[in-house]
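Visitor: Could you walk me through how to read a few features of a model?
Guide: Sure, pull up a chair.

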Amino acid sequence: VPWDQIVKAADDRAFDLVVMGRRGRSGVARFLVGSVTERVIRHAACSVLAVPPDAAIERTTHVLCPVDFSEGSSHAMQLAAGLAGPRGEVTLLHVVEIDSSYTGGFTDGSSRVDKLAIHLLENAAEELRAKFDVAVTTRIELGHPAHHILKALETTAAFDLVVVGSHGRTGIRRLFLGSVAEKVVRHANCSVYVARVRAPGPALEQVEELPHTD
């Protein structure tokens, strides 16, 4: 089975990254659910880069990096800055999640804005600028993460790569299905780098395929 053999090969610690093609479905720019690429992203021990057919192959210049302040997110920020380089730009995007019943928005001095998140995001940006000598901008939105990430890609044509962290393959040993990362991979109009920190220790045993949801 192709995806299973690729995942087994990726367990070899000599590999840092799996690069795979991504295709749309019925003219809609989204992941083909149940495809080989999707299964590899869910189960591979290392990072995976999903590349759509019409993706630019020139040097990366403007990277969108969603941030949730997890360990995986921290790894993704470092990777994004390294890929952008001195001539590129990284945009760190944090979305303050809200209850579905809330219909308001940001206002000056609004108490609903997570001030701690703003502080953490600015500190992360400063660290990246100092370490990588790269231009870093920050954005904070109010709402649902996947929606704002995809909206940013649609409204800013300059983005040529998304780097999103994964919480790794622990417990049920898979990328958390239905997560923000998976939704972005399915619908993004550019390449998506799912950054995973390889777990310490020996290679993991064969993973168990779980039911799909859309």
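Guide: Below we go through a helix, a histidine and a surface patch. This is a predicted model, where local features need pLDDT of at least 70, side-chain atom pairs count only at pLDDT 80 or more, and totals for chains, interfaces and linings use all residues. Residues are numbered from 1 along each chain as its sequence is written, and side-chain values use heavy atoms, leaving out hydrogens and water.

Visitor: Which residues of helix 3 are buried?
Guide: Buried means under 20% relative accessible area, exposed over 50%, partly exposed in between (1.4 Å probe, protein chains only). In helix 3 the buried ones are G72, S73, A76, M77, L79, A80, A81 and A84. Helices are DSSP runs of H or I, at least four residues, and strands are E runs of at least two, numbered from the N terminus. Among the elements covering those buried residues are strand 3, strand 4 and helix 4 (115–132).

Visitor: And H94, buried or exposed?
Guide: H94 sits in strand 4 (residues 89–97) and is buried, because its relative accessible area is 10%.

Visitor: What does the side chain of H94 reach?
Guide: A polar contact pairs N or O atoms within 3.5 Å; within protein, one must be able to donate a hydrogen and the other to accept it, and sequence-adjacent residues count only if both atoms are side-chain atoms. Here the H94 side chain comes to 2.8 Å from the backbone oxygen of V67.

Visitor: Where does F69 lie?
Guide: F69 is in the loop between strand 3 (62–66) and helix 3 (71–84), and counts as partly exposed because its relative accessibility is 31%.

How values were computed
Contact means heavy atoms within 4.5 Å.
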